[in-house]
Structure formats: structure tokens, C-alpha cells
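Let's take a look inside a protein and see where its ligand sits. Have the model open and follow along.

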Amino acid sequence: MERTWRWFGKKDNITLDMLKQIGVEGIVTSLHGVANGEIWTSEDINDLKNYIESYGLRWAVVESLPVSEAIKYGGENRHKLIENYKISLANLGKAGVKTICYNFMPVIDWIRTDLNKRNDDGTYSLFFNPIKFAYFDCFILKRKDAEKDYPADIMKQVYDLDKTITEAEKDELIDSIIVKTQGFVSGNIREGDKNPVEIFKQLLALYDGIDKNQLRENMKYFLEQVIPVAEEYGVNLCVHPDDPPFSVLGLPRIVTSAEDIDWFLKAVDNPHNGLTFCAGSLSSGLHNDVIDLAQRFAKRTHFVHLRSTEVSADGYVLEASHLEGRGHVIELVRIFERENPSVPMRIDHGRLMLDDVNKTYNPGYSFLGRMYAFAQVMGVVAAVKEIDNLK
Ligand code: DNO
């Protein structure tokens with residue numbers, strides 16, 4: 001697998017010099033300054049590409065070329081937005097940037113309720129607490145009939161939480177779920193936006209009446225338009241699974257399981273239509289067996305995110321050590337090294353540890369925590385290649 005690293009552009013306080021020192025080969029990044037839905041020009045693409053190459057690295061993957069909400073809910077301006085998407089894809093292909101990650105999650109990308117959950121060893125992890133999430137839905141968003149989506153035992157704990165939660169804790173919850181984790185990935189809500197909850201509710205309303213089948217139709221329509229362009233320019237598109245992999249806030253989610261993956265791969269059955277195999281997202285659904293998924297879909301995987309989770313029976317999800325938990329990273333390395341050895345791979349998320357706590361990073365994207373996991377996984381890769389005689 002190609003050793004890649006997610007880097008947030010020239011403003012990232014983790015520099016390309018630092019990445020070079022730790023053995024990174026490929027960069028995963030986006031044109032973070034271009035608004036969602038706008039065309040990525042050849043000039044901007046080549047400018048960033050040349051900058052990356054001046055450090056002896058290559059721009060391996062775009063994460064993400066975002067899919068605008070109107071494409072997902074099938075709004076009137078989707079045609080224009082899809083045309084723009086095609087031009088961006090063609091421009092990337094012409095520049096030689098050939099792997100493009102995106103997602104098809106309505107309104108909200110990955111969901112975490114706690115960005116700094118302290119572990120016993122003093123490090124911090126990202127965390128999903130289903131009670132806090134249901135609280136956000138029922139008491140902060142006040143979504144109509146939201147209570148009906150949760151079992152009685154969860155709702156009981158939600159009512160209990162309502163008796164003790166402080167205003168500061170509510171603000172922190174809002175910040176974690178819809179501001180800090182979203183701004184840098186989709187641009188839907190950004191830090192500093194006034195009244196993020198209102199903005200969020202307006203976005204949710206765009207999906208009134210959109211069920212799973214309709215969302216699938218809209219994804220198929222999108223793929224039918226863009227995959228021929230990807231094919232023409234030799235670009236591989238790879239959708240990121242939904243995180244967590246189930247419906248939330250009354251919104252459908254359609255990249256959650258083997259059946260879903262099978263569906264979209266067949267919807268437009270072309271090798272340029274592929275998957276980002278995110279072991280963390282997929283393993284956070286108890287219905288998923290990541291080893292089985294990797295065996296089935298390794299050949300249609302264009303990008304790998306290595307991370308692991310621990311999930312309790314009642315739905316709490318902790319981002320685990322990269323070598324433990326349901327992500328089965330060691331076995332995944334073995335499968336991908338055998339089935340798809342040149343696929344770009346990045347460490348997904350890292351703990352906050354040591355001097356990380358004194359720095360400012362996007363949630364999950366610390367330096368020392370990720371570097372630690374990167375070193376662990378590189379050791380696994382070397383061992384697997386040696387043992388399986390894959391060199
Ligand atoms: C979170 C990320 C996701 C991912 C997008 C891809 O850490 O894995 O936000 O980048 O879903 O479009």
C-alpha cells in the first residue's frame with residue numbers, strides 16, 4: 001500500500017518537511033479554499049500539486065471533492081453542480097491526480113459527541129455517545145417525532161440527562177456534532193457561524209420526503225453522469241462509507257453495509273466507481289464484519305483508511321488503538337497487500353497524546369497520535385510482507 005497522510009494544505013501546521021521525515025510518500029488533500037460546488041481550476045490544482053512535488057512527495061488522493069447537497073437531495077440546480085463536478089474531475093485527471101474520495105451522506109458527515117474522551121493512559125480519543133446524540137436530536141434540534149426513533153431505555157437516559165446537563169455542556173455538544181467535525185470537511189457549517197443549530201435545521205429540511213430509495217436514485221444519477229468522465233480521464237472515484245453506518249436524524253444513509261456497497265458498485269458497474277475502505281466507519285456498525293468486507297471488495301477499493309473501534313452492545317463507539325478492536329487492521333493489511341498492493345492508504349485519526357494537547361488540530365488529525373499509529377501500522381505492513389513473502 002502507498003503510505004499517505006491527510007494534510008490540510010499550506011495552512012496546516014504539520015508541514016510537508018515533517019511528513020517527509022516520517023516516511024510518508026503520498027499526500028491526501030483537497031483545495032480547501034474553494035467553496036463547495038465551485039469548479040476546481042487547472043491552475044489551482046497544478047499550483048498545489050507543484051508545491052507538494054517540490055518536497056519530493058506526490059498528491060496521491062483528493063479527500064474530498066465534495067458532493068453538494070443539491071446533488072444528494074436532487075435539487076433543481078443539481079445539473080449545473082454535476083457539470084461543475086465533471087469539469088473538476090477532468091481537470092484533476094489532466095493534472096495526473098487520479099484518486100478522488102467523496103461521500104454521499106446527507107447534511108452531516110462523520111458524527112462524534114466527544115472530541116476529547118480521556119483514556120486511562122492519559123491520551124484522548126474521539127467518542128460517540130448514543131445518549132448524548134439522542135439528546136441533541138430530541139432536545140436541541142427538537143426534531144419532530146425524534147423520540148420515536150430511539151428505544152425506551154435510551155429515551156429514559158436522555159430525560160435523565162436533561163435534568164443535569166448544563167448550558168456549557170449543550171454548547172459543547174453542538175460544537176462537537178455540527179461545527180468542529182463538519183466545517184473542514186463539507187463547509188456546510190463553519191466555526192464562527194452564528195446560530196449553527198438554525199443553519200443545520202434548514203439543511204435537514206431539504207431532505208423532507210427523501211427516503212433511502214430516493215437517495216439511492218440520486219446517487220445512481222450522479223454516478224451515471226460522472227463515471228464516464230472519470231473513465232475518460234483515468235480517474236478513480238471512491239465513496240467514503242457513512243460514519244456511523246446507520247441512519248441518523250431521520251436522514252437515510254446508503255453506504256453502510258455489504259448490501260449497500262454491492263448496490264452502488266453494481267448501480268454503475270465500472271472499475272472507476274469504487275470504495276474508500278474506511279475500517280473505522282465500517283467497524284463502528286455491529287452488523288459489519290470488516291474482514292469479510294475487505295475480502296469481498298478489496299479489488300474495487302481505491303483508497304484505504306486504517307483505524308479501529310470498540311463498540312458496546314448499547315451503541316457507544318470508542319476510537320480504539322489502531323492494533324486492537326473491531327477494525328482488525330492487521331488482517332486488513334494482509335488482505336490489501338495481497339489483493340491491491342498499490343492502493344493508497346492513510347492512517348485515519350489518531351489519539352491526542354503528549355505535546356498534541358498543546359497544539360490546535362482538526363479533531364482526529366493530531367500529529368503525534370497519528371504518527372504513532374502510522375509507525376505501528378508500518379511495522380505491521382513490514383511484518384506481513386515478510387511473513388507472507390509479498391515483497
Ligand atoms: C473524517 C473523514 C470524513 C471523510 C469524508 C470523505 O475524518 O474520514 O470526513 O473525509 O467523509 O468525503
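Start with the spot itself: the ligand sits in the largest cavity. Keep in mind that this is a predicted model.

**The cavity that holds the ligand**

How much space lies in the largest cavity? It's about 160 Å³. A set of 18 residues lines the largest cavity, and Arg6, Glu63, Asp109, Trp110 and His240 are the ones nearest its centre. Sorted by class, this lining has seven charged residues, six nonpolar ones and five polar ones.

**Who surrounds the ligand?**

Now let's switch from the cavity to the ligand. There are 15 residues around the ligand, and Glu63, Ser64, Asp109, His349 and Tyr365 come nearest. You've met two of these names already: Glu63 and Asp109 also belong to the residues nearest the centre of the largest cavity.

Which strand gives the largest share of the shell around the ligand? That's strand E4, covering residues 99–103, with three residues. By class, the shell is made up of six nonpolar, five polar and four charged residues.

**Polar contacts**

Next, zoom in on some side chains that reach oxygen atoms of the ligand. Here are three distances to look for:

| Side chain | Partner | Distance |
|---|---|---|
| Serine 64 (N or O atom) | oxygen atom of the ligand | 2.6 Å |
| Asparagine 103 (polar atom) | oxygen atom of the ligand | 2.9 Å |
| Histidine 349 (polar atom) | oxygen atom of the ligand | 2.6 Å |

And how much of the ligand does the protein cover? On its own, the ligand has 330 Å² of accessible area, and the protein covers 99% of that.

Two of the side chains in the table, Ser64 and His349, are also on the list of residues that come nearest the ligand.

**A look at the second largest cavity**

The ligand's home isn't the whole story, as the count comes to three cavities of 30 Å³ or more. The second largest cavity has a volume of about 120 Å³. Its lining has 15 residues, and those nearest its centre are Val67, Lys72, Asn103, Asp109 and Ser186. Asn103 may ring a bell: a polar atom in its side chain lies 2.9 Å from a ligand oxygen. Asp109 is familiar too, since it was named among the residues that come nearest the ligand.

Helices also play a part here: helix H3 (69–73) and helix H8 (183–186) each supply at least two residues of the lining of this second largest cavity. By class, that lining has six nonpolar, six polar and three charged residues.

Conventions:
Residues numbered from 1 in each chain as written. Predicted model: local features only at pLDDT ≥ 70, side-chain atom pairs only at ≥ 80, totals over all residues. Heavy atoms only, no water. Near = heavy atom within 4 Å. Polar contact = N/O pair within 3.5 Å; in protein donor to acceptor, adjacent residues only side chain to side chain. Areas by Shrake-Rupley, 256 points an atom, 1.4 Å probe, with all protein chains shown as cover. 1 Å grid on protein atoms, 1.4 Å probe; cavity = no way out; pocket = protein on both sides within 12 Å on 5 of 7 lines; lining within 4 Å. Sits in = over half its atoms within 2 Å of the grid points. Helix = DSSP H or I, 4+ residues; strand = E, 2+ residues; numbered from the N terminus. Nonpolar A, V, L, I, M, F, W, Y, C, P; charged D, E, K, R; others polar. Points joined across faces, edges and corners; volume = space filled by probe spheres on them.
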